[in-house]
Amino acid sequence: AHFAFNILLAWLIAVSFEPVVRWLCDHGLRRGVATAVVAVSGAFAVLGCIALFGGVLASQVAELVTALPNLVDEAVGWVNETFGTAIDPTALTATLNITPDQVTGVAGGLAGGLLGGLLGLAVSVAGIVFDLVTVVVFAIYLSASAPQIKRFVASWLPPARQVTFIRVWDISVSKAGGFLLSKLALAAISALFHIGFFYLIDVPFWLPMGLFAGLVSQFIPTVGTYIGVALPALFAAFTDPWDILWIAVFATAYQQVENYILTPRISTKTMDINSGIALAAVFVGAALFGPIGAVIGIPIVAIVIAVIEAYGHRYALHPIVERRAG
């Protein structure tokens with residue numbers, strides 16, 4: 001099951017490659033070369049980001065984990081003082097599994113810890129690296145060999161179903177690939193702007209907070225924008241309360257720029273998904289597969305909707321139904 005899930009991730013990554021790979025193929029490159037160009041370019045981009053921000057990100061994440069109990073104490077103290085409640089911060093941190101002992105253990109793991117911790121960390125890292133290599137290798141293979149794979153699978157189907165299979169494949173790749181690519185581009189732009197703004201106003205942990213805001217705003221529909229800026233605003237509140245106002249103003253202004261300038265230019269050829277369905281896809285994906293499931297939930301739903309729209313048929317409403325529904 002774990003391997004099958006990795007293959008699903010690899011296929012979704014290959015699908016996200018597809019618009020760029022197809023564009024390169026249309027301009028004269030062979031399929032394998034086009035896939036290699038996209039893969040190498042993506043690898044250099046990731047390595048460049050790690051080289052530039054990896055050390056700062058790791059240190060800020062470690063500091064963020066260590067600071068969580070104090071943040072909870074300060075937040076609970078403010079709530080008790082403002083609303084006259086009597087919430088016990090110790091009980092709350094225990095419920096949230098962020099007691100000082102647990103945080104110390106996590107921070108120790110991040111910093112190195114004892115020999116046993118190092119061995120456990122090494123095993124975990126080895127497993128993550130193996131999964132990453134599996135996903136990347138199969139993603140490149142599925143992208144480079146997509147035409148051959150389609151022909152091979154189609155050869156096992158009756159002629160009438162071969163046409164249906166190819167059409168479903170092309171619709172899925174076109175819609176989901178465009179959706180994934182546009183969301184990744186918008187998330188990168190959003191994260192870049194939020195990181196820069198948080199750095200300028202000196203928000204605590206500005207790098208992970210900016211990444212969080214950029215990713216959450218794109219991959220959690222409807223409420224993602226508010227969640228993305230609520231956490232940075234919470235940290236900023238105990239440093240400079242005025243920062244909450246500046247974050248709200250910036251988030252509102254950026255949202256307008258994204259809605260009216262960036263999204264129409266980047267997402268013109270992608271499908272639009274009902275916000276309620278998209279939000280349900282995120283929740284279901286997160287419940288089944290964790291954070292990664294939250295990210296891949298919407299693309300999978302996009303594929304299902306694309307196929308339904310291609311083969312489904314809508315009828316005009318009967319006048320009586322339309323009148324009563326209105």
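**Salt bridges, a helix pair and two unusual loop residues**

Let me start with Arg22, which has 35% relative accessibility and so counts as partly exposed. Before I go on, please keep in mind that this is a predicted model.

Who does Arg22 pair with? Its partner is Glu18, and in this salt bridge the closest N and O atoms sit 3.1 Å apart. Both residues belong to helix H1, which covers residues 2-26, and because they are four residues apart there, about one helical turn separates them. Glu18, for its part, has a relative accessibility of just 7%, so it counts as buried.

Now stay with Glu18, since its side chain also meets that of Arg31 in a salt bridge, at 2.5 Å from N to O. This pair links distant parts of the chain, with Glu18 in helix H1 and Arg31 in helix H2, residues 31-83, and their positions 13 residues apart. Is Arg31 buried or exposed? Arg31 is buried, as Glu18 is.

How many salt bridges does the structure hold? There are three, and the one I haven't shown you yet brings together the side chains of Asp170 and Lys150, at 3.0 Å from N to O. Here too distant parts of the chain are linked: Asp170 comes from helix H7, residues 159-200, while Lys150 comes from helix H6, residues 146-154, and the two are 20 residues apart. Asp170 has 29% relative accessibility and is therefore partly exposed. Lys150 has 17%, and since buried means under 20%, Lys150 counts as buried. Going back to the earlier trio, shared partners join Glu18, Arg22 and Arg31 into one network of salt bridges.

Let's look at H6 and H7 as a pair of helices. Two packed helices are described by the angle and the distance between their axes. For H6 and H7, the axes come within 9 Å and cross at roughly 150 degrees. Angles over 145 degrees count as roughly antiparallel, and that is why H6 and H7 are described as roughly antiparallel to each other. If you like to think about handedness, H6 passes H7 in a right-handed crossing.

Which residues make the contact? From H6 we have Ala146, Ile149, Lys150, Val153 and Ala154, and from H7 we have Gln162, Phe165, Ile166, Trp169 and Asp170. Sorted by class, this contact has seven nonpolar residues, one polar and two charged. You'll recognise Lys150 and Asp170 from the salt bridge I showed a moment ago.

Next, a quick visit back to helix H1, where we find Ile7. Its relative accessible area is 24%, so Ile7 is partly exposed. Beyond its neighbours within four places in sequence, Ile7 is in contact with Phe138 and Leu142. Phe138 is 131 residues from Ile7 in sequence, yet their C-alpha atoms are 6.9 Å apart in space.

Finally, a little backbone geometry. Most residues other than glycine have a negative phi. Asp202 has a positive one, near 65 degrees, and Phe205 does as well, at about 55 degrees. Where do they sit? Asp202 lies in the loop between H7 and helix H8, residues 206-219, and Phe205 is in the loop between H7 and H8 too. Their surroundings can be compared as well: Asp202 has a relative accessible area of 54% and is exposed, whereas Phe205 has 14% and is buried.

That's my tour, and I'm happy to take questions.

Key. Residues are numbered from 1 along each chain as its sequence is written. This is a predicted model: local features need pLDDT of at least 70, side-chain atom pairs count only at pLDDT 80 or more; totals for chains, interfaces and linings use all residues. Side-chain values use heavy atoms; hydrogens and water are left out. A salt bridge is a side-chain nitrogen of Lys or Arg within 4 Å of a carboxyl oxygen of Asp or Glu. Buried means under 20% relative accessible area, exposed over 50%, partly exposed in between (1.4 Å probe, protein chains only). Axes are lines fitted to C-alpha atoms, for helices over the stretch in contact, and angles run from 0 to 180 degrees between N-to-C directions. Angles under 35 degrees count as roughly parallel, over 145 as roughly antiparallel, 65 to 115 as roughly perpendicular and the rest as oblique. A crossing is left-handed if the near helix is turned anticlockwise from the far one by less than a right angle, and right-handed if clockwise. Contact means heavy atoms within 4.5 Å. Ala, Val, Leu, Ile, Met, Phe, Trp, Tyr, Cys and Pro count as nonpolar, Asp, Glu, Lys and Arg as charged, and the others, Gly among them, as polar.
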